[in-house]
Amino acid sequence: PVTSATLTDSELVSGSITNIGVNTISEYTASLLVNDVVIETKNLDTPLAEAESIDVQFDTPLDMSAIGDYNIAISVSTEIDENPNNDTIKRIVSQLPALEAMLSASVQTNICSEVITASFSVMNLGADEITSLTISANVNGIDTEMYSYNVGIESGETGSFAGPITEELIIGENDIIFTITEINGETTDYNPANNSVTTVSNLLDASNFITLIFNSDDYPEESTWSIVSNTTGNVINEGSPTAESSEYQEDICVDPDDCFTITVTDSYGDGICCDYGIGSFSILDLNGELLLYNGGEFGSEVSNTFCQDPIECLLTATVDVVDASADKVANGSLMINASNGVAPYTYSINGETSQEDPIFDDLVPGEYLILVTDATGACTFEDIITVGVISSVIDVDGISVELTVVPNPTDGIFEFQLKNLPSSERFIQIQIYDVTGRLIQNRTIGKYDDTYIGTFSLLNYPNGTYFLRTVHPKVNILEKIIKL
């Protein structure tokens, strides 16, 4: 693109034509186009041998005095040209105003402070360099700060600045308008409409705080924490303890409607409890009520989510069961499918010990207390599930449905059949999970006569235990697959 602030109403256009072929060109035309409209065509007969060039001056003057863009093109043509793809050259020529700036602005929000920071960006859309700026702030209808900057913003470039707002701020929403009031000593530029920006800053009452209590172990230099807003992703607090076995406590201003994630790291990888000091961390609300507690038993890192206001617990779960092969034989399994909570979840089948994997294996027939806890620690789901004795026949709506997986154990290739399922659907969804509950395959298989049939491969996966899950509104079956 070519830019200028001095184009006139009688600009002339010229170009150069070069013969890049091997044959001499004797007759050819050159055309001038503006915004894809032919303005002038010249018939030329000056011979051009290989690699020779000629300058062409068009006679029609162009009016380019108005501010804006002009799409200028020169096109050459001849009957013997075998490559028309390089016969046209285009340029965008812009007539710029001498002085034109566009303002962008943002402000801090959702913070507890008597002072907020405003950030400005000014883009120079004019031809002249911007050397000085004055920006005013109007807070809730009242003129407050003036910001003056000596700058050097060339044409097409952007300058960034910042300044404080200290006056007329109220608790709650503040409407703040920023306006360029002076540029290079002038009170206006070509387009005043883009010289103003309206922003909103929400200030929180200083009583909207949480309290972080961090008890370090004997090696505080190994520990750090950060608290991040789940809504904005911004870090609202971070730090590390400074004294051995000391208690660090800080009040932190937060948005009462937001939720947060605290991440604690230990560089040695042994958490902050218990072999080298009894460390822990907790979060209290403004009334001193416990929102989160972690006893410090983790490896290199742990993350917990919490909210200042209690949130209705909607956590739910379904459980898929693989029955044991016989009474008192420990080869049954459970897979817990949790949803509508704050992940990650922890799982228990006895109410005492828990794990992060949703699959429990090597179970004898009997009843199990299922307990799922989400990442907040305050939302749980409980149910009692029975592991029975396996049968290849399943009753669905009074119809005996037969399930077959052969061979099982398998060397990697096996066939799945589900016969007599009372369903008009042509396809059924099949999922395969590894022993940690990670979904590794998700397929649909078709129905032939009265049987759903599909062949599956685990050849690219390591030997071990896998779980095949049948997903259907009338039946939800979990089958254990052993790859040897």
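Q: Over how many bridges do β23 and strand β24 pair?
A: In this predicted model, strand β24 covers residues 332-339, and β23 spans 316-322. The two pair in the antiparallel sense. Within this pairing, D320 stands opposite M335 in β24. The number of bridges between β23 and β24 is seven.

Q: Which are the edge strands of the open sheet with the order β23-β24-β26?
A: This open sheet has three strands with antiparallel pairing. Its neighbouring strands are turned by 15° against each other on average, direction ignored. An edge strand pairs on one side only, and this holds for β23 (316-322) and β26 (359-363). The edge strands are therefore β23 and β26.

Q: By what angle are neighbouring strands turned against each other on average in the open sheet β25-β27-β28?
A: Three strands form this open sheet, and their pairing is antiparallel. Its edges are β25 and β28 (380-387), each pairing on one side only. With direction ignored, the average turn between neighbouring strands is 20°.

Q: Which residue of β27 does S348 stand opposite?
A: β25 and β27 run antiparallel and are joined by three bridges. Strand β25 covers 346-348 and β27 covers 366-373. The residue opposite S348 is L371.

Q: Which element gives the most to the lining of the largest pocket?
A: The largest pocket holds about 890 Å³ of space. Its lining has 37 residues, and those nearest its centre are I17, T18, V76, N86 and D87. Two or more residues come from each of β2 (14-18), β6 (68-77) and β7 (88-95). The greatest contribution, six residues, is that of β6.

Q: How many charged residues does the lining of the largest pocket have?
A: Sorted by class, this lining includes 18 nonpolar residues. A further 13 are polar. The charged residues number six.

Q: From which element does the largest share of the lining of the second largest pocket come?
A: About 670 Å³ of space lies in the second largest pocket. Of its 25 lining residues, N294, V302, N304, T346 and D374 are the closest to its centre. The elements that give two or more residues to this lining are β21 (290-294), β22 (301-307), β25 (346-348) and β27 (366-373). The largest share, four residues, comes from β21.

Q: How many polar residues does the lining of the second largest pocket have?
A: By class, nine residues of this lining are nonpolar. Four are charged. The number of polar residues is twelve.

Notes:
Residues are numbered from 1 along each chain as its sequence is written. This is a predicted model: local features need pLDDT of at least 70, side-chain atom pairs count only at pLDDT 80 or more; totals for chains, interfaces and linings use all residues. Side-chain values use heavy atoms; hydrogens and water are left out. On a 1 Å grid over the protein atoms alone, a cavity is a set of points where a 1.4 Å probe fits but cannot get out, and a pocket is an open set with protein on both sides within 12 Å along at least five of seven lines; lining residues have an atom within 4 Å of a point. Grid points are joined across faces, edges and corners, and a volume is the space filled by probe spheres set on the points. Ala, Val, Leu, Ile, Met, Phe, Trp, Tyr, Cys and Pro count as nonpolar, Asp, Glu, Lys and Arg as charged, and the others, Gly among them, as polar. Axes are lines fitted to C-alpha atoms, for helices over the stretch in contact, and angles run from 0 to 180 degrees between N-to-C directions.
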